Amino acid sequence: MSLVDLSPEAFVSQLRSLGQHRAYLIHDPQSGQIHRSHPALGELADFLLAGNRDYQQHEGVFLAIGPRSGALFGAFVHKTHRGQGQGGLRHWPYATMTAFLRDGLRLAMGMTRKNALAGLWWGGGKGLIARAPGEGFRDPGHRAELYREYAAFVTSLRGCYITAEDAGTGPDDMAIVHQGTRFATCIPPQVGGSGNPSPATARGVVCAMEGALDHLGLGSLGGKKIAMQGTGNVGAAMIGELLQRGVAGIVASELSLERRAQLMQQFAGAPLALVPAEPGDNSVLATPCDILAPNALGGILNPDTIPAIQARVVCGAANNQLLDDERDARALAARGIVYVPDYLCNRMGIVHCANEQYGQVPHDPAIERHFGRDWDNSVYVITRRALELATAQGITTAAAANKLADELALQPHPIWGHRTRAIVDGLLADQWHLQG
């Protein structure tokens with residue numbers, strides 16, 4: 001069986017059998033080949049190079065085994081011309097190494113683009129912890145050990161990757177990470193962090209909706225009908241933002257009975273319909289509406305769901321909404337549906353916490369400008385620019401946003417230049433995989 005077909009747990013056993021507790025796959029910009037920490041990892045290098053659409057010459061993929069937990073850790077670094085690779089830490093179950101690697105690669109590339117379009121001096125990165133089968137991940141003692149170990153892993157990478165909060169990782173977890181490494185953002189307010197970014201994320205997505213409507217000549221959000229999949233922290237904040245703008249109605253699906261009851265109480269009397277849903281139930285995506293907001297799982301826009309969509313605009317908070325970036329973007333465009341790429345509109349989570357080290361200002365202008373219409377990199381302005389470029393060049397909105405982002409991503413950091421590449425080269429030269 002190929003290494004990429006193994007479960008993360010089986011891969012850990014394989015790595016240990018080689019006498020290794022760390023591994024890397026580092027792109028060589030001169031030859032285009034991949035340096036690997038052990039010859040036996042050739043199958044992983046081949047997987048990246050053999051036409052894998054999720055691999056776009058990522059600067060480095062770093063793997064490690066938790067010393068006591070035995071968990072598989074990953075840090076994925078994409079393009080870092082603008083600064084260190086920054087992105088959240090996802091604690092998630094993965095059936096195979098293929099799924100683990102693809103998720104990390106896609107998310108890191110998405111963070112490169114998101115940070116670039118947001119005007120942040122960060123590159124793209126992503127952290128992963130492969131969640132073991134069972135319910136052990138809920139145990140506080142186990143989680144504390146896991147995140148202490150991950151913090152040590154991040155520290156060992158010398159700052160080429162900066163971690164943050166993401167799916168499966170909460171504020172308490174980030175507090176533990178912060179105790180073990182300086183290379184962390186999205187830390188709790190009690191230790192000087194920026195706190196919950198969900199309201200800011202929701203507000204940014206709504207600004208993108210306004211930009212899309214304006215591009216289409218459809219006016220404001222007032223009187224529009226919105227359909228939403230998922231009402232978590234960001235989704236709930238979006239409901240509040242949309243109601244403030246006078247939408248005609250919101251239909252939102254939610255798995256949790258408790259959550260539905262809470263929201264009905266919070267927004268009592270508002271034009272809000274909360275629809276029960278079971279895992280795998282995507283029927284809300286077919287709701288007739290002006291704007292559809294996918295706020296839950298990635299890969300939700302695919303050949304099974306796109307034909308049923310009855311919205312003029314798709315603009316939501318979920319990451320990696322297109323199952324296949326090119327195919328599904330074309331399918332939406334063919335149906336006359338304007339898709340606002342997720343990494344363009346859901347930037348505010350990372351914006352909210354990316355520059356915590358520079359201190360906090362009430363109603364911070366550096367954050368508030370993202371919600372306006374004057375700054376060149378505001379959510380609204382970038383949304384308009386991407387949609388106009390797509391129309392002018394006859395390409396999909398995803399391709400247009402990628403083009404804008406990829407150009408910006410190659411701008412070197414104004415002070416440090418491409419320093420992170422030097423850090424990665426240093427890890428390779430110092431045989432990082434044999435240390436610790």
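**A tour from helix 5 to the cavity**

In this predicted model, begin by selecting helix 5 together with helix 4 (140–156), since helix 4 is among the elements that cover the buried residues of helix 5. To see what is being covered, narrow the selection within helix 5, which spans residues 171–180, to Asp173, Met174, Ile176 and Val177, the buried residues of this helix. Seen around the axis, they cover an arc of only 155°, and therefore they lie on the same side of helix 5. An α-helix has 3.6 residues a turn, so residues three or four places apart point the same way. Now turn the view and select Asp172 and Gln179, which are exposed and sit on the face of helix 5 turned away from its buried side.

The next stop is a space inside the protein. Where should one look for the centre of the largest cavity? Select Gly110, Asn320, Asp325, Asp342 and Tyr343, which lie nearest to that centre among the 20 residues of the lining. Helix 3 (97–117), helix 10 (342–345) and helix 14 (397–409) are the elements that each give two or more residues to this lining, and helix 3 provides the largest share, with seven residues. If you colour the lining of the largest cavity by residue class, you will find eight nonpolar, five polar and seven charged residues. The volume of this cavity is about 250 Å³, and a search of the whole structure finds one cavity of 30 Å³ or more.

How values were computed: Residues are numbered from 1 along each chain as its sequence is written. This is a predicted model: local features need pLDDT of at least 70, side-chain atom pairs count only at pLDDT 80 or more; totals for chains, interfaces and linings use all residues. Side-chain values use heavy atoms; hydrogens and water are left out. On a 1 Å grid over the protein atoms alone, a cavity is a set of points where a 1.4 Å probe fits but cannot get out, and a pocket is an open set with protein on both sides within 12 Å along at least five of seven lines; lining residues have an atom within 4 Å of a point. Grid points are joined across faces, edges and corners, and a volume is the space filled by probe spheres set on the points. Helices (H or I, at least four residues) and strands (E, at least two) are DSSP runs, numbered from the N terminus. Ala, Val, Leu, Ile, Met, Phe, Trp, Tyr, Cys and Pro count as nonpolar, Asp, Glu, Lys and Arg as charged, and the others, Gly among them, as polar. Buried means under 20% relative accessible area, exposed over 50%, partly exposed in between (1.4 Å probe, protein chains only). The arc is that of the directions from the helix axis to the C-beta atoms. Contact means heavy atoms within 4.5 Å.
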